[in-house]
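Biologist: I am new to this structure and would like a close look at one part, namely the surroundings of a bound ligand. Please go slowly, and then relate that part to what else can be described.

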Amino acid sequence: MYTLLRILKWTGIILLIVAFILVAAVFSRQDLQFEAPLPELHASMDSAVIAHGEYLVNGPAHCSGCHTDNAHEAAYLRGETVPMHGGYAFKLPVGTVFSKNITNNQEHGIGRLTDPEIARTLRYGVGSDGRAILDFMPYYMLSDEDLTAVISYLRTLPGNAHAVPADDLNFIGKAVKAFLIKPAGPLGTERPKGMRPDTTAAYGEYLANSVANCVGCHTARDLMTGAFTGKPFAGWMNMEGNVPGTFFNTPNLTPEPTTGHLANWTFEVFQARFRSGPVFPESPMPWASFRRMRDADLKAIWNYLQTLPPVVQETGPLKAPKEHG
Ligand code: HEC
Ligand code: HEC
């Protein structure tokens, strides 16, 4: 009996020490530094380049949907151009993460970042302070020209002194940050070169995968790791909406006659659907940005979707009654 108690006591002490070491490790690993090249890309003053950047940021690349704050969400949904001073709160199981101020304010915005630092953030997922940027922005394969256009437009945004709160991660979030999060990009070495907007499926492929990230939501994924588990564009990703407790199923966009969501659509129906904006205001799909997409870009995406291998995949109602397993 006495020995058993002694063993229990020592097991308890050892467990406590292990727990203490783990907690200490988690807290000591909150400022990990990562390395990645600084792309030699610089903002241009050319008005055509800036206009292209403005179109990307407020249209297909939908930066504005995330980089404003919750107070401007209604204006964003109405289709207004909203200030990009950040602060939108993403409430996740790991804690609350805030989008950052990407106006040119020196203290609170990107005024303190160099152009190559902004480019590295978007291409390699490494921030100016060496931190791993959370994988909200899969623009890793943007062409040099488009990344330059985006930065050129951001540089025209007057500085806005809106201070964004620091991320508020819970212990699990801190543990994930300490041991799991690594910079996610880039996704390959062959970055598209000289992409020129046209209506071809090739340009549509670039838009749907590297600019508008249709693939990121319209493919089933493991919600813990973000890893793709389903066939590309076959849908069936279950996502929480912008209002907590609302859930959506992404439809199958492959050209499959029985379960494909677009099977009975023509391009005109697709185009009209994009022009009309969100049906469900709490949908996570950034309809208000995509609504601004040019007809030619919509046509390119449509043409690309028709070239996908058809996948039989039921996806249920767009607005789901609850989370699916
Ligand atoms: C789905 C939401 C979302 C979209 C879309 C989005 N961002 Fe972000 N962005 C975030 C979040 C969240 C962070 C903070 C990530 C972090 O700190 O790890 C962030 C951080 C940044 C930063 C780092 C700022 C700093 O102070 O270090 C830059 C620059 C940036 N975003 C630019 C952009 C641009 C440009 C686009 C469009 C091409 C864009 N973002 C689209 C959510 C988004
Ligand atoms: C952030 C996630 C997200 C992104 C990015 C996204 N979608 Fe969606 N999509 C959804 C969700 C969720 C739904 C179901 C809810 C709804 O209809 O708003 C949906 C619905 C749709 C529908 C059906 C709409 C209807 O009313 O029948 C189409 C078509 C569609 N998406 C195409 C696209 C295309 C094309 C892109 C890229 C340009 C894209 N989506 C990008 C999440 C996303």
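Modeller: Let us begin at ligand 2, where one of its oxygen atoms is 2.7 Å from an N or O atom in the side chain of arginine 273; please keep in mind throughout that this is a predicted model. Another polar contact involves tryptophan 287, whose side chain has an N or O atom 2.9 Å from an oxygen atom of ligand 2. On the nitrogen side, a polar side-chain atom of histidine 218 lies 2.8 Å from a nitrogen atom of ligand 2. Arg273 and His218 are also among the residues that come nearest to this ligand, together with Cys214, Cys217 and Met285, out of 25 residues around it. Turning from single residues to secondary structure, at least two residues of the shell around ligand 2 are supplied by each of helix H9 (214-217), strand S5 (247-249), helix H10 (267-275) and helix H11 (287-290). Sorted by class, that shell holds 18 nonpolar residues, six polar ones and one charged.

The surroundings of ligand 1 can be read in the same order. Here 22 residues surround the ligand, and the closest are Cys63, Cys66, His67, Arg131 and Met137. Histidine 67 has an N or O atom in its side chain that is 2.7 Å from a nitrogen atom of ligand 1, while an N or O atom in the side chain of arginine 131 is 2.8 Å from an oxygen atom of that ligand. The backbone takes part as well, since an N or O atom of the main chain of leucine 134 lies 2.9 Å from an oxygen atom of ligand 1. Two or more residues of this shell come from each of helix H3 (63-67), strand S2 (95-98), helix H5 (115-124) and helix H6 (144-154), and the largest share, three residues, belongs to H3. The classes in the shell around ligand 1 are 15 nonpolar, four polar and three charged residues.

Strand S2, which gives residues to the shell around ligand 1, also leads us to a sheet. Three strands form this open sheet in the order S1-S2-S3, with antiparallel pairing, and its edge strands are S1 and S3, each of which pairs on one side only. Strand S1 (residues 89-92) is joined to S2 by four bridges, and phenylalanine 90 stands opposite valine 97 in S2. A hairpin of two residues makes the connection from S1 to S2. Towards the other neighbour, S2 pairs with strand S3 (residues 168-169) over two bridges, again in the antiparallel sense, and there threonine 96 has aspartate 168 in S3 as its bridge partner.

A helix pair completes the description. Helix H8 (residues 201-211) packs against helix H12 (residues 295-306) at an angle of about 95°, their axes being 7 Å apart, which means that H8 is roughly perpendicular to H12. From H8 the contact takes in Ala201, Tyr203, Gly204, Glu205, Leu207, Ala208 and Asn209, and these meet Asp297, Ala300, Ile301, Asn303 and Tyr304 in H12. The residues of this contact divide into seven nonpolar, three polar and two charged.

Methods
Residues are numbered from 1 along each chain as its sequence is written. Chains are lettered from A and ligands numbered from 1 in the order in which they are written. This is a predicted model: local features need pLDDT of at least 70, side-chain atom pairs count only at pLDDT 80 or more; totals for chains, interfaces and linings use all residues. Side-chain values use heavy atoms; hydrogens and water are left out. Axes are lines fitted to C-alpha atoms, for helices over the stretch in contact, and angles run from 0 to 180 degrees between N-to-C directions. Angles under 35 degrees count as roughly parallel, over 145 as roughly antiparallel, 65 to 115 as roughly perpendicular and the rest as oblique. Contact means heavy atoms within 4.5 Å. Ala, Val, Leu, Ile, Met, Phe, Trp, Tyr, Cys and Pro count as nonpolar, Asp, Glu, Lys and Arg as charged, and the others, Gly among them, as polar. A residue is near a molecule or strand if one of its heavy atoms lies within 4 Å of it. A polar contact is a pair of N or O atoms within 3.5 Å; within protein, one must be able to donate a hydrogen and the other to accept it, and residues adjacent in sequence count only if both atoms are side-chain atoms. Two strands pair if DSSP finds at least two bridges between them.
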